[in-house]
Amino acid sequence: MMSDCLLKAGKLIIGDGRTLENVSILIQGGSVAEVGPDVKATSDTEVLDYSDRVVMPGIVDPHVHVCFDGSSDPAEVRKFSDELLAIRGALLVEKLLEYGITTAGDAAGRGNVPFAVKEAVERHLVNGPRFLPCGRMITISGGRDPLGGANEADGPDNVRRAVREEIGRGARYIKLAATGAISSEHTESFNTQFDLDELKAAANEARKVHLKSHAHAYGEEGIRNTILAGVDVLVHGHPLSKENIELMKKHNTMYMPTIVTYYESQLHHDDGDLPEYMVRKEKEIFPLIEEGVRNAVKAEIDLVVGTDSGMPYTPYGKSAAEEMELMVRLGGATEMTAIIAGTRNAARSMNIDSKIGTIEPSKSADLIVLALGKDPLQDITVLQDRESISRVILMGKTVIEH
Ligand SMILES: [Zn+2]
């Protein structure tokens, strides 16, 4: 139930780079009403005393794929009906809350599956996070294996049609394929797909209805087209050159490197379970990631956590926290930068940052209480351990507690 409460925090990570010590958070009607050292509440307000704990915003992961479950061959979803995928997807998103992920975005799925999962969460059939589907991937004809959900379009007018269709189906952001992909067998990662004018048409169409656009892109030209088109979020973006980083600064492009999916997958290249074409393409890309991410961090590009959960060896839950660790360990980011990437910036990447991503008055009360002695600013890896998370609150309601 949604009850008002006063939560006392020893240390509050706001999500925008600031921290506060010894403050209280007044939660009313599912939102944060007040934050400060001496917040007053009525005598019947429940008090949660975590004055010896760290409190942070719920994590936001705008890049999961509920049609996939993290097993080694994405093509196995061919054997699943949409109905079965939706049931499996609804179970998968329950794992996200256990790791403090209170908002997730589905970055392309088949048919109505992601929308059905959203509805299952909203009807409380499953205990899942706030869920924002992008609908289907918008791609050139033949640009994607349709098993993952594709809306094919060619030429700017037709791309506008596809974007409008996804908006009409309830998409909460727009996902574009600017280049080929590892998981689409018949494409090569570095080959461009949409032309600049097509990407521009899509980004503009999304902007008209205040939705952010995200584009999957690899290679110099596809990444450059993405930035120049005014796409809001560069997804993957490997290898990221210094020239393209300069362009990103000029165009305010956000960067979602999804390091964790490549990192985890490359650990299994010799197992023999991944399709050969995926191993080959991942081997091309993995060694290129570190330098680009490091340069993006140095250039203070706005990083966004995104996991690609559902892709091979990229499980639901732990992956968002591992992405933050990799931003620090492999990318050279500070722990604070990684936390901002997984809270405020991730919310901004779906244009929901006016309500989500930071713990401030008028924002949704989505927060995590860490276990005693656990502080992600000291050790970002604590978020990968469910036992480090004592309580998860979503819209003012406790959804996980141990
Ligand atoms: Zn993806």
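Select Asn244 first, a residue of helix 6. The model on display is a predicted one.

**Asn244 and its surroundings**

Asn244 has 25 other C-beta atoms within 10 Å and is therefore buried, the cut-off for that class being 20 or more. Add Ile223, Arg224 and Ile227 to the selection; Asn244 touches these residues, leaving aside those up to four places away in sequence. For a longer span, draw a line from Asn244 to Ala333: the two C-alpha atoms are separated by 19 Å, and the residues stand 89 apart along the chain.

**Helix 5 against helix 6**

Next, display helix 5, residues 220–228, together with helix 6. Two packed helices are described by the angle between their axes and the distance between the axes. Here the axes come within 9 Å and cross at roughly 10 degrees. Helix 5 is therefore roughly parallel to helix 6, since angles under 35 degrees are classed in this way. On the helix 5 side, select Ile223, Arg224, Ile227 and Leu228; on the helix 6 side, select Asn244, Leu247, Met248 and His251; these residues make the contact. Coloured by class, the residues of this contact divide into five nonpolar, two polar and one charged.

**Backbone features around strand 12 and beyond**

From helix 6, move to the loop between strand 12 (233–238) and helix 6 (242–251), where Pro239 lies. Most residues other than glycine have a negative phi, and most peptide bonds are trans. The bond that joins His238 and Pro239 is a cis peptide bond, with omega about -10 degrees.

Then select His236, which is found in strand 12. His236 is not a glycine, yet its phi is positive, near 70 degrees. With 28 other C-beta atoms within 10 Å, His236 is buried.

Thr258 is the next stop, in the loop between strand 13 (254–256) and helix 7 (259–266). Thr258, again not a glycine, has a positive phi of about 45 degrees. Its C-beta neighbours inside 10 Å number 26, so Thr258 counts as buried.

**Helix 9**

Select residues 318–329, which form helix 9. This helix has 12 residues and reaches 16 Å from its first C-alpha to its last, close to the 16 Å expected at 1.5 Å a residue. Helix 9 is mostly covered, with 10 of its 12 residues buried. The buried residues are Lys318, Ser319, Ala320, Ala321, Glu322, Glu323, Met324, Glu325, Leu326 and Met327. To see what covers them, show strand 5 (59–64), strand 6, helix 7 and helix 10 (335–341), which are included in that cover.

**Helix 1**

Strand 6, part of the cover of helix 9, also leads to helix 1, whose buried residues it helps to cover. Select residues 82–98 to bring up helix 1, which has 17 residues. From its first C-alpha to its last, helix 1 reaches 26 Å, close to the 24 Å expected at 1.5 Å a residue. Highlight Leu85, Ala86, Gly89, Ala90, Leu92, Val93, Leu96 and Leu97, which are buried in this helix. The elements that cover the buried residues include strand 6 (101–106), helix 2 (113–122), strand 7 (130–133), strand 15 (389–394) and strand 16 (397–401). Just after helix 1, select Gly100, which takes a positive phi of about 80 degrees.

**The two domains**

Now colour the chain by domain: domain 1 consists of 5–57 + 359–401, and domain 2 of 59–348. Their centres, taken over C-alpha atoms, are separated by 29 Å. The contact takes 20 residues from domain 1 and 21 residues from domain 2. On the side of domain 1 that touches domain 2, the elements that give two or more residues are strand 4 (46–57), strand 15 and strand 16. Strand 15 gives the most to this side, with three residues. By class, this side of domain 1 has 13 nonpolar, four polar and three charged residues.

**Last stop: Arg207**

Finish at Arg207, which has its place in helix 4, residues 196–208. Is Arg207 buried or partly exposed? Arg207 has 15 C-beta neighbours inside 10 Å and so counts as partly exposed. A line from Arg207 to Glu360 spans 26 Å from C-alpha to C-alpha, and the two residues are 153 apart in sequence.

How values were computed
Residues are numbered from 1 along each chain as its sequence is written. This is a predicted model: local features need pLDDT of at least 70, side-chain atom pairs count only at pLDDT 80 or more; totals for chains, interfaces and linings use all residues. Helices (H or I, at least four residues) and strands (E, at least two) are DSSP runs, numbered from the N terminus. The expected span of a helix is 1.5 Å times one less than its number of residues. Two residues are in contact if their C-beta atoms, placed from the backbone, lie within 7 Å. Domain bounds come from an automatic or database domain assignment. Ala, Val, Leu, Ile, Met, Phe, Trp, Tyr, Cys and Pro count as nonpolar, Asp, Glu, Lys and Arg as charged, and the others, Gly among them, as polar. Axes are lines fitted to C-alpha atoms, for helices over the stretch in contact, and angles run from 0 to 180 degrees between N-to-C directions. Angles under 35 degrees count as roughly parallel, over 145 as roughly antiparallel, 65 to 115 as roughly perpendicular and the rest as oblique.
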